[in-house]
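Reader: I'd love to go through the pockets of this model with you. Could we take them one at a time?

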Amino acid sequence: MTARRITVHQIQQMKLKQEPIAMVTAYDYTAAKIIDTTNIPMVLVGDSMGQVVLGFDSTIPVTVEDIVRATSAVVRGTKRCLVVADMPFLSYQIDPNTTLKNAGKLIQEGGAQAVKLEGGLSVAPIVKKLTESGVAVMGHIGLTPQSVHQLGGYRVQGKSKFTANQLLRDAVSLQEAGVFSIVLELIPLELAKEISSNLDIPTIGIGAGIHCDGQVQVFHDILGLDPDFRPKHSGNYADLSSIVKRALQNYSDEVTGRKFPGHEQSFSWSKDKKND
Ligand code: KIV
């Protein structure tokens, strides 16, 4: 029997059982395959691929086609994880039909089980339309990277009483619109605690402290794949850039020193001639 994927219902049950929820991003088949062998229940095909995979300075240039292609690779690499696909910049604001069509692409062509979109009260009507159409939706408030130019940079949100109250109101409006969980990005831990305790659905924090019901991190950040970028909130689980660099340097040295390939990596007429 094939392994069953984790469902949004199971993710919601984890909050009730007070089981912390781990989530990580993935953008390709090989990484997804590794993640699926752990006990991480949820994978996000994030538009952070704009920075960590495509080399842009924001998530804004990422297209629906980029996410569809990456999502289908991540879905092929996983059997167990719930796969959430990000709705890119302006793919859900133009009109309800375009939003439904774009969400449909992520689910039908990409194979995602859920979509994620940024914003609070202002996107609640479109979230309602999606959830009423049978789409599982994850919200995302606090620092919303697609609005980086409006927010004036990647900075902590909800520091004043006024903006904290706005974020609490945003979270409640998303829950009422039917999201199954909400990402809280870069907000004070006290506010994340208040939001988490006011909601029935799980909050998934990134730079939002210990009181969230779960945590999400960018794959490249937690593994130290970019030696020039290590956000304060990502933790330090590996230093893969130096391991990969060392391996590549060894490979290059062996090629230039005519040590690679050796006999073990070569094929010979004497053994293979009859079978070609
Ligand atoms: O795109 C992404 O990786 C995200 C996370 C930061 C939550 O939205």
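Reader: Into how many nonpolar, polar and charged residues does the lining of the second largest pocket divide?

Author: Happy to help, and please keep in mind that this is a predicted model. The pocket in question holds about 500 Å³ of space, and 24 residues line it, with G119, G120, T144, S147 and D170 closest to its centre. Sorted by class, the lining of the second largest pocket has eight nonpolar, 13 polar and three charged residues.

Reader: Which element gives the largest share of the lining of the second largest pocket?

Author: The elements that give two or more residues to this lining are β5 (137–142), α7 (148–151) and α8 (161–177). The largest share is five residues, and the element that gives them is α8.

Reader: What is the volume of the largest pocket?

Author: Its lining has 27 residues, with S48, Q51, E185, V218 and D221 nearest the centre. Two or more residues each come from α3 (49–52), β6 (181–185) and α10 (219–222). The lining of the largest pocket divides into 13 nonpolar, eight polar and six charged residues. As for the volume of the largest pocket, the value is about 610 Å³.

Reader: Is S58 buried or exposed?

Author: S58 sits in the loop between α3 and α4 (64–77). Beyond its neighbours within four places in sequence, S58 is in contact with G50, Q51, V148 and Y154. A polar atom of the S58 side chain also lies 3.1 Å from the backbone nitrogen of I60. Because the relative accessible area of S58 is 6%, below the 20% cut-off, S58 counts as buried.

Notes:
Residues numbered from 1 in each chain as written. Predicted model: local features only at pLDDT ≥ 70, side-chain atom pairs only at ≥ 80, totals over all residues. Heavy atoms only, no water. 1 Å grid on protein atoms, 1.4 Å probe; cavity = no way out; pocket = protein on both sides within 12 Å on 5 of 7 lines; lining within 4 Å. Points joined across faces, edges and corners; volume = space filled by probe spheres on them. Helix = DSSP H or I, 4+ residues; strand = E, 2+ residues; numbered from the N terminus. Nonpolar A, V, L, I, M, F, W, Y, C, P; charged D, E, K, R; others polar. Buried < 20%, exposed > 50% of the residue type's maximum accessible area, 1.4 Å probe, protein only. Polar contact = N/O pair within 3.5 Å; in protein donor to acceptor, adjacent residues only side chain to side chain. Contact = heavy atoms within 4.5 Å.
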